Amino acid sequence: MALSDCKLIDLPKISDPRGNLSFIESEQHIPFEIKRVYYLYDVPGGSDRGSHAHKNLHQFIVAMSGSFDVVLDDGKEKKRFHLNRSYNGLYVCPMMWRYLDNFSSGAVCMVLASSHYDESDYIRDYADFISLTKQA
Ligand code: TYD
């Protein structure tokens, strides 16, 4: 999988004067089965999160509130995405180094993930990541 597979996906949006509604169905709106949901909140200004890759995990990242940037790096090329809408999100395929920064105050970052938490799926060292991308 490549950086070009990682893209913003628009979600259904039911506009309503009482408040808008969006939804995400596993394997329908995103290309994997959802096994886990986690979220980042109360992120102090200037914080960075992430800075790792996953061997097998697929993720979908949504700015539920506020905004932040996600930088993806496949070992050759980097791309910065600005997330600031609740009706779209960024699909992140396996073997993609990522970090999140530029959090607005009150930002909430929700991540849908294709498997349960597994530390052995993480690549936390950038040099290890680069050597693995060269082997692929
Ligand atoms: P980590 O994935 O490194 O955070 P981030 O990439 O957002 O900066 O996780 C931080 C800590 O939280 C780490 O000790 C593992 C733990 N954690 C879980 O226990 N379950 C989870 O689902 C996640 C995402 C993290």
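This is a guided tour of selections to make in a predicted model.

**Stop 1: the five-stranded sheet**

Begin with strands S8, S7, S10, S5 and S12. In that order they make up an open sheet of five strands with antiparallel pairing. Colour S8 (78-83) and S12 (122-123) separately, as these are the edge strands, and each of them pairs on one side only.

Move in from the S8 edge. Strand S7 covers residues 68-73, and six bridges hold S7 and S8 in an antiparallel pair. For a point of reference, select Phe 68, which is opposite Leu 83 in S8.

Next, show S7 with S10. These strands are antiparallel, with five bridges between them. Leu 72 has Arg 98 in S10 as its bridge partner. S10 also pairs with S5, again antiparallel, over three bridges. Here the residues to pick are Arg 49 and its bridge partner in S10, Leu 100.

Keep S10 (residues 97-101) selected and colour by accessibility: the strand is mostly covered, with four of its five residues buried.

**Stop 2: charged side chains on the sheet**

Show the side chains of Asp 69, Arg 80 and Asp 101. The whole structure has four salt bridges. One of them links Asp 69 to Arg 80, with 2.8 Å between the closest N and O atoms. Asp 69 belongs to strand S7 and Arg 80 to strand S8, so this pair ties together parts 11 residues apart in sequence.

Now turn to the other partner of this arginine. Arg 80 forms a salt bridge with Asp 101 as well, the closest N and O atoms being 2.8 Å apart. Since Arg 80 lies in strand S8 and Asp 101 in strand S10, this pair ties together parts that are 21 residues apart in sequence.

How do the three residues rank as buried or partly exposed? Asp 69 counts as buried because its relative accessibility is 6%, under the 20% limit. Asp 101 is also buried, with a relative accessible area of 13%. Arg 80, with 45%, is partly exposed.

For another salt bridge, select Arg 124 and Glu 119, whose closest N and O atoms are 2.7 Å apart. Arg 124 is partly exposed at 47% relative accessible area, and Glu 119 is partly exposed at 36%. Back at the sheet, salt bridges with shared partners join Asp 69, Arg 80 and Asp 101 into one network.

**Stop 3: strand S9 and its neighbours**

Select residues 88-92, which are strand S9. S9 is mostly covered, and five of its five residues are buried. Viewed along the strand, Asn 88, Leu 90 and Val 92 point one way, while Gly 89 and Tyr 91 point the other way.

Add S1, which pairs with S9 in the antiparallel sense over three bridges. Leu 8 has Leu 90 as its bridge partner in S9. Then add S6, which runs antiparallel to S9 and is joined to it by three bridges. In this pairing, Phe 60 is opposite Tyr 91 of S9.

Stay on Tyr 91 and show His 58. The two side chains make a polar contact of 2.6 Å. His 58 sits in the loop between strand S5 (49-54) and strand S6 (59-65). Its relative accessibility is 19%, so His 58 counts as buried.

**Stop 4: a loop and a surface patch**

Go to Leu 11, in the loop between strand S1 (8-10) and strand S2 (13-14). With a relative accessibility of 8%, Leu 11 is buried. Draw a C-alpha to C-alpha distance from Leu 11 to Phe 23: the two are 6.8 Å apart in space and 12 residues apart in sequence.

Phe 23 leads on to the surface. Together with Ile 14 and Leu 21, it forms a nonpolar patch with about 250 Å² of accessible area. Within this patch, Leu 21 comes from strand S3 (residues 21-22) and is partly exposed, with a relative accessible area of 48%.

**Stop 5: aromatic rings**

Finish with the aromatic side chains, among which there are seven pairs. Select Tyr 39 and Tyr 41: their ring centres are 5.8 Å apart and their planes at 40 degrees, so this pair is tilted. Tyr 41 is partly exposed, at 49% relative accessibility.

The last selection is Trp 97, Tyr 126 and Phe 129, which form one aromatic cluster.

Methods. Residues numbered from 1 in each chain as written. Predicted model: local features only at pLDDT ≥ 70, side-chain atom pairs only at ≥ 80, totals over all residues. Heavy atoms only, no water. Phe/Tyr/Trp six-rings, centres within 6.5 Å; stacked < 30°, edge-to-face > 60°. Buried < 20%, exposed > 50% of the residue type's maximum accessible area, 1.4 Å probe, protein only. Pairing = 2+ DSSP bridges. Helix = DSSP H or I, 4+ residues; strand = E, 2+ residues; numbered from the N terminus. Patch = residues over 30% accessible without salt bridge, like charges linked within 9 Å, V, L, I, M, F, W, Y side chains within 5 Å. Areas by Shrake-Rupley, 256 points an atom, 1.4 Å probe, with all protein chains shown as cover. Polar contact = N/O pair within 3.5 Å; in protein donor to acceptor, adjacent residues only side chain to side chain.
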